Amino acid sequence: MTKEECSEIFAKLPEYLDGDLPPDVCESVAAHIEECGPCVAFVESLRKSVALSRKAAAGIEQAELKAEVKARLAEAYEQFRASGA
Ligand SMILES: [Zn+2]
């Protein structure tokens, strides 16, 4: 696993978690995540924050919610890189 691979995966995660990716791309993301420890941990924490923001955001526009999720993703990704994982 390389950091470049992980970066590509991270870029696709909002769509992945939303189920918006084409099946083949979705599969390659899932395959990477299964074999990459840091990504597993990252996806788990991202899933939780997505679930939380969904709960908190009942009634907010879908587009607004996606922007929120992307902002959280960027934030979490910075923390992930800073942790040196
Ligand atoms: Zn990875």
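A cavity here is a set of grid points where a 1.4 Å probe fits but cannot get out. With that in hand, here are some close-ups of this predicted model.

**View 1. Two cavities in the predicted model.** Let's start with a head count: the structure holds two cavities of 30 Å³ or more. The largest has a volume of about 40 Å³, and the second largest comes in at about 30 Å³.

**View 2. Around the largest cavity.** Zoom in on the cavity of about 40 Å³ and you'll find Pro14, Glu15, Asp18, Asp20, Lys66, Val69 and Lys70 around it. Two elements each give two or more residues to this lining: helix H1 (3-18) and helix H4 (62-82).

**View 3. What kind of residues line the largest cavity.** Take another look at the lining, this time by residue type. Five of its residues are charged and two are nonpolar, with no polar ones. Among the charged residues are Glu15 and Lys66, while Pro14 and Val69 are the nonpolar pair.

**View 4. Around the second largest cavity.** Now move over to the cavity of about 30 Å³. Lys3, Cys6, Ser7, Phe10, Tyr77, Phe80 and Arg81 make up its lining. H1 and H4 are the elements that give two or more residues here, and H1 gives the most, with four.

**View 5. What kind of residues line the second largest cavity.** Sorted by type, this lining has four nonpolar residues, one polar and two charged. Ser7 is the polar one, and the charged two are Lys3 and Arg81. Phe10 and Tyr77 are among the nonpolar residues.

Notes. Residues numbered from 1 in each chain as written. Predicted model: local features only at pLDDT ≥ 70, side-chain atom pairs only at ≥ 80, totals over all residues. Heavy atoms only, no water. 1 Å grid on protein atoms, 1.4 Å probe; cavity = no way out; pocket = protein on both sides within 12 Å on 5 of 7 lines; lining within 4 Å. Points joined across faces, edges and corners; volume = space filled by probe spheres on them.
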